[in-house]
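Biologist: I am a first-year student, and I would like a close look at how one helix begins, ends and is covered. Please start with a short overview, and afterwards show me a few other places in the chain.

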Amino acid sequence: LDPENDRYLINKAQAYLAMAQQSLNKVLAGDAASQGAFQSNLNAAIDSARRAVTINPNDSGYWLTLGSIYETAIPFIGGADGFAAASYAEATGREPLNPVPPTLLGRVYLTLADLIDLQVRQETITAKDADALKKTALENAKKNFEKAIGLKPDYAAALFLFAQVFVREGNIDEAISRGAQAALSAPRDVGVAFFLGFLFYQKSDLQNAEREFQRAIELNPNYSNAMYFLGLVYDRTDRKKAALEQFRRIFELNPENEEIRKIIENLDA
């Protein structure tokens, strides 16, 4: 009835993006037949969002939606990272005091760094070329996260993502420091608690790792990943009974998981 209404168009873009993500989840679960649905829904989302920003280019939220669609496409469409970055930059220009656009722009560069690592493993790029590209991507990520944190020092999303930059650089101590800031800003964020616990676990600081995994489970009693690593902590600190309780709980939630079944058998033995 009203094909030029930008509000309808951006809502339609969000709906198509949700459908594309559903299709992608099926593809990742092994349903190759959903690849076509993913591609068509993604293209429809891009088309609708681009029409919305053409009609109303001054709404920063529209640019954020377009950027998020392109960001979803980064692993699948060449050049999507550039379109995502340009969309988030447009949002930043329209709301220069909003910490969200630079945070999302930083996330694009973080994703790009991971994609470069994947290309090295797939041997589509040399390790020498990858080093320089990855360094540039991580520096751009840092710059944008620092900008977001400068605008809002307690912005947990930016602090959390900033910590992940240091993980990719192999600087676990700095990642823990940034992760702790994110935990202070978002004490109820289960993802931050798990991430911080995992960093402590990587550093073999099992006491602090245990504390964070327990906190994650308190926030989400069915969080299997946190239970898994808490079980490993208990096993490494010779508390086999406590470890067994964690893995049995995981198996109740994931009865088809053969890895957990074998761990339980080994602990029983």
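Modeller: What follows is a short overview, then the helix you asked for, then some other places.

First, some ground rules. This is a predicted model, in which local features need pLDDT of at least 70 and side-chain atom pairs count only at pLDDT 80 or more, while totals for chains, interfaces and linings use all residues. Residues are numbered from 1 along each chain as its sequence is written, and side-chain values use heavy atoms, with hydrogens and water left out.

Now the overview. The chain holds 13 helices and zero strands; here helices (H or I, at least four residues) and strands (E, at least two) are DSSP runs, numbered from the N terminus. Its C-alpha trace spans about 65 × 45 × 40 Å along the principal axes. Of the 269 residues in the chain, 42% are buried. Buried means under 20% relative accessible area, exposed means over 50%, and partly exposed is in between (1.4 Å probe, protein chains only). Among the contacts in the chain with a separation of 6 or more, 53% are between residues 24 or more positions apart, where contact means heavy atoms within 4.5 Å.

Your helix can be α1, residues 6–28. The expected span of a helix is 1.5 Å times one less than its number of residues. The 23 residues of α1 should therefore span 33 Å, and the end C-alpha atoms are 33 Å apart, which agrees.

At the N-terminal end of α1, N5 acts as a cap: one of its side-chain oxygens lies 2.9 Å from the backbone nitrogen of R7. That fits the rule for a polar contact, a pair of N or O atoms within 3.5 Å; within protein, one must be able to donate a hydrogen and the other to accept it, and residues adjacent in sequence count only if both atoms are side-chain atoms.

Which residues of α1 are buried? They are D6, L9, I10, A13, L17, A20, S23 and L24. A general point helps in reading such a list: an α-helix has 3.6 residues a turn, so residues three or four places apart point the same way. The cover over the buried residues of α1 includes α2 (35–55) and α3 (60–73).

After α1 comes G30, with a positive phi near 105°. S34 then sits in the loop between α1 and α2. S34 counts as buried because its relative accessibility is 9%. Setting aside neighbours within four places in sequence, S34 is in contact with S23, K26 and V27. One of these, S23, is among the buried residues of α1.

Let us move on to helix α4 (residues 80–94), where S87 has its place. S87 is buried because its relative accessible area is 3%. Not counting residues up to four places away in sequence, S87 touches W63, L66, G67 and Y70.

Two loops hold residues with a backbone feature worth a look. Most residues other than glycine have a negative phi. E123, however, has a positive phi near 60°, and its place is in the loop between α5 (100–121) and α6 (127–151). E123 is exposed, at 71% relative accessible area. S204 also has a positive phi, near 65°, and is found in the loop between α9 (190–202) and α10. S204 is partly exposed, with a relative accessible area of 45%.

Next come helix α10 (residues 206–219) and helix α11 (residues 224–236), whose axes come within 9 Å and cross at roughly 150°. Axes are lines fitted to C-alpha atoms, for helices over the stretch in contact, and angles run from 0 to 180 degrees between N-to-C directions. The crossing of α10 past α11 is left-handed, meaning the near helix is turned anticlockwise from the far one by less than a right angle. Residues making this contact include L206, F213 and I217 of α10, and M227, F229 and L230 of α11.

Last is F247, in helix α12 (residues 240–253). F247 is buried, because its relative accessibility is 1%. Leaving out residues up to four places away in sequence, F247 touches Y228, G231, L232, I260, I263, I264 and L267. F247 and Y228 are 19 residues apart in sequence, yet 6.6 Å apart from C-alpha to C-alpha.
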